[in-house]
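Trainee: Could you walk me through one part of this model up close? I'd like to hear about the sheet and the odd backbone spots around it.

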Amino acid sequence: MAGDAQAADSPSATPETKMGTELLHEELLNQQVEVMFGYGGGAIMPMFDQLYESPIKFVLSRHEQGAGHMADGYARATGKVGVCIATSGPGATNLTTALATAYMDSIPVVALTGQVATAVIGNDAFQEADVTGVTRPVTKHNMLVKDVRNLRRVVREAFHIAQTGRPGPVLIDLPKDIQVATKVPLDQVKMDLPGYRPRKKGHIRQVRLAAQAINAAERPVLYVGGGVVLSGASDELRELARKSNVPVTTTLLAMGTFDGVADERLYLGMLGMHGTAYANYSVQNCDLLVAIGARFDDRVTGVVDTFAPKAKIVHIDIDPSSISKNVKVDIPVVGDAKLILEELVPLIEHRDRTSWFDQIAEWKRKYPLRYDQSGDRIKPQAVIEEISRQTGGEAIITTGVGQHQMWTAQFCQFRHPRGHITSGGLGTMGFGLPAAIGAQVGRPDKTVIDIDGDGSFQMTITELATGVEQGLPIKVVILDNQFQGMVRQWQEMFFNRRYSKTRLHNPDFARVAEAYGARGMTISDKADVADAIRDLLASDILTVADFHVEPEENVYPMVAAGKALDQMDMGAMPEWEPTESMV
């Protein structure tokens with residue numbers, strides 16, 4: 001009898017019963033998961049045991065935040081759902097920053113976290129944390145699994161929610177006893193989401209109103225956000241811009257979705273706080289602004305009451321809660337950008353708009369992006385321009401957050417969607433390296449470059465070990481100015497150059513890279529920049545190139561807090577002079 005009881009408790013005692021981790025793994029395979037990123041621990045060990053012989057590739061990070069950013073970078077580079085896994089308590093809470101990053105930028109990620117056994121939840125058990133409570137503000141949805149029979153349904157729902165509507169991260173919290181519980185699987189696994197019905201197809205009346213507005217406009221601008229990348233609508237965007245003959249400006253997250261090399265006349269570059277002067281002037285003087293997959297972020301609008309003051313506004317977005325949230329719009333069109341543009345383009349008429357393009361050409365001539373190239377020190381902009389020249393806009397480039405991020409947006413060409421990967425909404429320092437790892441895992445056919453700052457890079461520097469272990473030929477470019485650069489710039493401009501706690505005492509990054517098993521390079525002579533980048537791009541192993549750049553270089557143009565979008569500090573740029581169309 002004892003033997004029978006023992007057999008009954010075994011997960012393999014009968015063919016009808018399966019352990020929770022088996023059901024979870026089966027559903028991950030059903031969802032076509034190919035890669036997972038994560039870090040193990042006590043409460044998630046049953047699932048890690050299931051992964052021991054799994055066909056799913058597993059990338060062991062050195063920190064859970066890194067695993068989350070890797071899943072995020074993988075998702076941005078491939079368009080697939082990124083998957084990360086961590087244990088309970090501190091393992092799960094370490095994912096929070098990565099989840100918040102994905103949430104702000106609408107990136108589809110599914111996070112699996114271990115949890116203490118259901119019997120001790122709420123009793124301050126070892127490594128217990130209220131993970132669903134902690135992550136609720138930074139996830140699109142999260143779930144604590146309490147019945148193993150629901151596990152496959154929950155996983156299916158998580159992947160569905162993460163990648164439909166406005167995408168975002170979803171977390172599944174897995175108590176340890178649920179992972180090892182054995183039950184007869186449910187025959188039918190149907191999603192149960194009665195309140196979740198994202199609208200994809202735009203209302204035809206609103207689409208026609210948008211078309212009429214575009215056809216009638218004299219000075220229109222297309223303002224394009226990351227939603228166009230997420231919906232895969234880049235081809236439709238280009239067709240709309242060319243057919244309508246309307247200039248295009250993009251947000252930070254939309255760079256690459258419109259090829260500004262092939263359509264230079266139509267492209268205005270990035271708008272906003274550190275956008276091009278001609279993009280900002282165009283928005284402030286247009287009579288129609290067509291926002292597509294953008295959310296009117298404060299770094300784009302400047303003072304909201306002064307934003308696009310002469311324009312009627314069309315807003316195309318899949319998230320109805322984004323419509324008129326920050327800026328009141330005149331023609332809302334709710335739905336998927338790709339489907340809406342497919343309906344919109346046939347209704348569009350071509351117009352020359354000669355005077356509008358003449359004005360834009362004058363702004364481009366008068367206010368180009370430029371910087372002072374004199375002096376003995378390497379200018380960070382020159383490093384980025386050389387990277388862009390040698391890669392031809394074909395590489396995938398990730399960044400950390402700070403001055404280097406803005407210079408990359410200004411001086412690097414991006415010719416394809418999903419070629420520019422950066423933390424936009426949350427502005428997460430340390431994002432660049434782990435995101436590059438995720439991108440390189442997902443796109444082994446592409447050159448992946450992390451353009452980073454010395455401060456940002458050090459926040460996740462331990463992930464060098466992950467990149468080396470995985471044999472990834474990532475190229476890391478550090479613009480090393482020995483400062484928290486963007487904070488220092490603000491201290492210079494608004495705090496009388498009182499550089500309080502922003503100076504960095506950095507290690508020898510080349511030697512640190514070599515200690516991890518990577519290759520290290522140090523470049524301090526401006527004459528060596530081009531050759532160093534050529535050498536870097538030819539490397540077939542993870543290589544860190546530390547460029548010692550001008551310490552007090554600033555990012556211009558800049559729209560300071562409290563200013564309108566066209567009230568830019570040009571730095572070394574010419575002084576602003578009103579033109580007839582701007583009066």
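Mentor: Sure, and keep in mind that this is a predicted model. Let's start with one pair of residues: Met521 has Ala545, in S20, as its bridge partner. That contact belongs to the pairing of S19 with S20, which runs in the parallel sense over 5 bridges. In general, strands of a sheet are held to each other through backbone hydrogen bonds, in either a parallel or an antiparallel arrangement.

Now zoom out to the whole sheet. It's an open one built from 6 strands with parallel pairing, and the order reads S16-S15-S17-S18-S20-S19. Strand S19 (519–523) and S16 are the edge strands; each has a single partner strand, so one side of each has no neighbour in the sheet.

Next, the backbone oddities. In the segment that follows strand S20 (543–548) you'll find Pro557. The peptide bond between Tyr556 and Pro557 is cis, with omega at about -5°.

Then there are two arginines to look at. Arg418 sits in the loop that links helix H18 (403–411) to strand S16 (420–421). Its phi is positive, about 70°, even though Arg418 is not a glycine. Arg497 is in the loop between helix H22 (485–494) and helix H23 (509–515). Here phi is about 60°, again positive in a residue that is not a glycine. As for its surroundings, Arg497 counts as partly exposed because its relative accessibility is 46%, and that class lies between the 20% and 50% cut-offs.

Definitions and conventions: Residues numbered from 1 in each chain as written. Predicted model: local features only at pLDDT ≥ 70, side-chain atom pairs only at ≥ 80, totals over all residues. Heavy atoms only, no water. Helix = DSSP H or I, 4+ residues; strand = E, 2+ residues; numbered from the N terminus. Buried < 20%, exposed > 50% of the residue type's maximum accessible area, 1.4 Å probe, protein only. Pairing = 2+ DSSP bridges.
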